[in-house]
Amino acid sequence: MARVYAIASAKGGVGKTTTTANLGTVLSMAGQDVVVVDGDLGMPNLAGALGVDPDGETLHDVLTGETTVESATYEGPEGLSVLPGSTALEAFASANAKELHPVIEELKERYDIVLVDTGAGLSDDTFVPLKLADEVLLVSTTEREALGDTEKTRQLGERIGADVVGVVLTRVNQSNPNADEVASLLDTGVIAVVPEDSAIREALSTQVPVVARAPKSIAAAGYRALAEALTGNP
Ligand code: ADP
Ligand code: MG
């Protein structure tokens with residue numbers, strides 16, 4: 001039975017989608033059977049980070065019962081499976097995040113690891129994956145505001161009984177992170193640090209995740225360390 005991770009933070013733009021794409025790719029490169037799911041039903045952009053063009057059916061169609069999980073799953077880089085969302089506004093209006101439950105159950109049967117990218121805020125898009133996941137991986141930059149919002153997500157997770165494994169600090173500059181400040185604002189351990197790296201932007205423009213496109217970059221090293229910390233495998 002697979003392990004399910006929700007990748008979460010109430011703050012937008014902190015690197016949740018980048019983390020889901022790269023962690024998924026690293027784990028797949030290491031030989032694990034991995035699927036990444038775009039649980040950000042309002043603003044899905046995981047497919048773009050992985051070079052997948054969801055020209056056919058998507059997670060939204062699965063949630064409305066119009067198609068099967070299998071038909072909405074695409075092949076991403078390095079053998080990674082991708083369950084993308086639809087960017088159409090109508091699709092968002094008709095999909096219900098609560099229907100994610102059977103979808104994740106089905107994926108658990110087929111894969112070793114299920115990573116669910118989540119949206120910003122504290123709506124159902126986030127709440128449902130937190131509830132479904134075995135583990136919640138928080139993502140935050142080191143800015144005060146981002147840490148505060150991420151702490152809120154941690155508290156929500158705690159309230160609903162989710163198991164929070166820690167936080168990945170992203171876009172970290174040389175002078176950061178100030179470990180004491182992070183600890184005072186966010187009540188969980190730092191599991192990995194991913195430096196600010198222009199290779200991430202370059203990777204995004206080519207739609208190949210940085211761990212595959214620029215494995216020697218500092219960001220790729222950060223994501224490999226994260227995979228190792230989570231699974232105990234390099
Ligand atoms: P979220 O999913 O939390 O909204 P994204 O993963 O979409 O955040 O990242 C937001 C922006 O930050 C993107 O443009 C992404 O390319 C950029 N970014 C993420 N991580 C890094 C990093 N380590 N270095 C530089 N840019 C990054
Ligand atoms: Mg995102």
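A good place to begin is Pro-195, where a backbone N or O atom lies 2.9 Å from a nitrogen atom of ligand 1. Taken on its own, ligand 1 has 560 Å² of accessible area, and the protein covers 82% of that. Please keep in mind, as we walk through the contacts and pairings below, that this is a predicted model.

Let us stay with the ligand for a while. The space that ligand 1 takes up is the largest pocket. How many residues surround ligand 1? There are 14 of them, and the closest are Gly-13, Gly-15, Thr-17, Thr-18 and Arg-171. Besides the contact at Pro-195, two others involve oxygen atoms of the ligand. A backbone N or O atom of Lys-16 is 2.9 Å from an oxygen atom of ligand 1. Thr-17 takes part through its side chain, with an N or O atom 2.9 Å from an oxygen atom of ligand 1.

Which elements build the shell around the ligand? Helix α1, strand β8 (190-195) and helix α9 (198-206) each supply at least two residues. Of the contributors, α1 gives the most, with three residues. Pro-195, where we started, falls within the residue range of β8 (190-195).

Helix α9 is worth a look at both of its ends. At the N-terminal end, Asp-197 acts as a cap, with a side-chain oxygen 2.9 Å from the backbone nitrogen of Ala-199. After the helix comes Gln-207, which has a positive phi, near 60°.

That brings us to two further residues with positive phi. Arg-171, already met among the residues closest to ligand 1, has a positive phi of about 55° although it is not a glycine. Arg-171 sits in strand β7 (residues 164-172). With a relative accessible area of 44%, Arg-171 is partly exposed, because it falls between the limits of 20% for buried and 50% for exposed. The other case is Glu-78, again not a glycine, with a phi near 55°. Glu-78 belongs to the loop between β3 (74-75) and β4 (81-83), and at 42% relative accessibility it also counts as partly exposed.

Now to the charged side chains. Side chains of opposite charge can pair when their charged atoms come close. Across the whole structure, a search finds ten salt bridges, and a few of them are good to follow one by one.

Start with Glu-145 and Lys-11, whose side chains meet in a salt bridge with an N to O distance of 3.0 Å. This pair links distant parts of the chain: Glu-145 is in helix α7 (residues 144-159), while Lys-11 is in the loop between β1 (3-8) and α1 (16-29), 134 residues apart. Is Glu-145 buried or exposed? It counts as exposed, at 53% relative accessibility.

Next come Lys-98 and Asp-124, which form a salt bridge whose closest N and O atoms are 3.0 Å apart. Lys-98 lies in the loop between α4 (89-94) and α5 (100-110) and Asp-124 in helix α6 (residues 124-132), so this pair ties together parts that are 26 residues apart in sequence. The partners fall into separate accessibility classes: Lys-98 counts as exposed at 53%, whereas Asp-124 is partly exposed at 32%.

Helix α7 returns with Arg-144, whose side chain meets that of Glu-181 in a salt bridge (3.2 Å, N to O). Here the link runs between α7 and helix α8 (residues 179-185), which holds Glu-181, and the two residues are 37 apart along the chain. Glu-181 is partly exposed, with a relative accessible area of 28%, and Arg-144 counts as exposed at 53%. Beyond these pairs there is a network: salt bridges that share partners join Glu-151, Arg-154, Glu-158 and Asp-187.

We can finish at Val-211, in helix α10 (residues 210-213). Val-211 is buried, with a relative accessible area of 2%. Its C-alpha atom is separated by 7.9 Å from that of Arg-224, a residue 13 positions away along the chain.

Note on methods:
Residues are numbered from 1 along each chain as its sequence is written. Chains are lettered from A and ligands numbered from 1 in the order in which they are written. This is a predicted model: local features need pLDDT of at least 70, side-chain atom pairs count only at pLDDT 80 or more; totals for chains, interfaces and linings use all residues. Side-chain values use heavy atoms; hydrogens and water are left out. A salt bridge is a side-chain nitrogen of Lys or Arg within 4 Å of a carboxyl oxygen of Asp or Glu. Helices (H or I, at least four residues) and strands (E, at least two) are DSSP runs, numbered from the N terminus. Buried means under 20% relative accessible area, exposed over 50%, partly exposed in between (1.4 Å probe, protein chains only). A residue is near a molecule or strand if one of its heavy atoms lies within 4 Å of it. A polar contact is a pair of N or O atoms within 3.5 Å; within protein, one must be able to donate a hydrogen and the other to accept it, and residues adjacent in sequence count only if both atoms are side-chain atoms. Accessible areas come from the Shrake-Rupley method with a 1.4 Å probe; for residues, only the protein chains shown count as cover. On a 1 Å grid over the protein atoms alone, a cavity is a set of points where a 1.4 Å probe fits but cannot get out, and a pocket is an open set with protein on both sides within 12 Å along at least five of seven lines; lining residues have an atom within 4 Å of a point. A molecule sits in a cavity or pocket if more than half of its atoms lie within 2 Å of its grid points.
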